[in-house]
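Me: Please take a close look at one part of this predicted model, namely its salt bridges, and set them beside the nonpolar cores.

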Amino acid sequence: MTTEITLRVLEKEDLAFIHKLNNNPDIMSFWFEEAHQSMAGLQRAYDKQMDNEHQRDFIMEENGKRLGLVQLAFIDLIHRKAEFTIMIDPSQQGNGYASKATRLAMDYAFQMLNLHKLYLFVDEANEKAIHIYKKVGFSVDATLKDEFFINGTYRNAVIMSIFQKDYQALYQ
């Protein structure tokens with residue numbers, strides 16, 4: 001049986017899944033955020049963001065099973081850039097989903113939205129993520145020293161990006 005990773009629009013029915021991810025301290029430490037979000041707050045944020053042209057929220061699935069969340073955030077249609085974020089359910093990590101979902105997000109960003117640049121922030125200690133991002137074409141732009149305070153210590157954040165022309169050279 002062949003399986004395919006897909007991205008689909010985040011729906012209200014997905015909020016319980018997102019709530020679980022957003023309250024997982026292991027996940028949120030890599031997002032440089034506290035694992036503390038109420039369901040009511042998440043529902044308010046969903047309602048507020050539903051028609052936001054500056055953000056795209058996707059659920060990553062395989063055969064209807066939720067695997068994680070992929071976002072294009074801070075979409076800037078004038079400068080044609082956006083921030084890429086990904087969050088994978090810990091029970092689904094290590095299966096190659098991150099690189100596949102990142103590629104799908106890149107396809108959407110560069111082909112559908114015609115963006116010039118996709119960028120991301122990643123914890124310098126998250127070597128697996130950095131490896132995946134480099135593998136799909138992102139390059140390191142800079143390291144921000146002591147950028148985020150997580151679990152009692154400051155962490156360095158690596159900024160990475162890929163440009164539409166580099167994406168096209170790799171994948172078209």
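Reply: Asp-47 is partly exposed, because its relative accessibility is 41% and the partly exposed class runs from 20% to 50%. Its partner in a salt bridge is Lys-12, with 3.1 Å between the closest N and O atoms. Lys-12 belongs to the loop between β1 (5-9) and α1 (15-22), whereas Asp-47 belongs to helix α3 (residues 39-49), so this pair ties together parts that are 35 residues apart in sequence. Lys-12 is likewise partly exposed, at a relative accessible area of 38%.

A buried acidic residue is found elsewhere: Asp-14 has a relative accessibility of 1% and therefore counts as buried, the limit being under 20%. Arg-66 meets Asp-14 in a salt bridge of 2.7 Å, N to O. Because Arg-66 lies in strand β3 (residues 65-76) and Asp-14 in the loop between β1 and α1, the pair joins parts that are 52 residues apart in sequence. The side chain of Asp-14 also forms a salt bridge with Arg-8, at 2.6 Å from N to O. Both arginines are classed as partly exposed: Arg-8 has a relative accessibility of 25%, and Arg-66 has a relative accessible area of 31%. Together with Glu-61, the residues Arg-8, Asp-14 and Arg-66 are linked in a network of salt bridges. The model holds eight salt bridges by the rule applied. In general, side chains of opposite charge can pair when their charged atoms come close.

The nonpolar cores complete the picture. The largest nonpolar core has 32 residues, and the members that touch the most others are Met-60, Phe-84, Ile-86, Leu-118, Tyr-133 and Phe-138. At least two residues of this core come from each of β2 (56-62), β3, β4 (81-88), α4 (97-112), β5, α5 (127-136) and β7 (153-163). Helix α4 gives the most, with seven residues. Among the contacts of Phe-138, leaving aside residues up to four places away in sequence, are Thr-102, Met-106, Leu-118, Tyr-133, Met-160 and Ile-162. A second, separate core consists of 12 residues, including Ile-18, Ile-27, Leu-42 and Ile-59.

As to confidence in the prediction, the protein chain has a mean pLDDT of 91, and 95% of its residues reach 70 or more. Among the elements, strand β5 (residues 117-123) has the highest mean pLDDT, 97, and helix α2 (residues 25-30) the lowest, 71.

Terms used: Residues numbered from 1 in each chain as written. Predicted model: local features only at pLDDT ≥ 70, side-chain atom pairs only at ≥ 80, totals over all residues. Heavy atoms only, no water. pLDDT = per-residue confidence, 0-100. Helix = DSSP H or I, 4+ residues; strand = E, 2+ residues; numbered from the N terminus. Salt bridge = Lys/Arg side-chain N within 4 Å of Asp/Glu carboxyl O. Buried < 20%, exposed > 50% of the residue type's maximum accessible area, 1.4 Å probe, protein only. Core = buried A, V, L, I, M, F, W, Y, C linked by side-chain atoms within 4.5 Å. Contact = heavy atoms within 4.5 Å.
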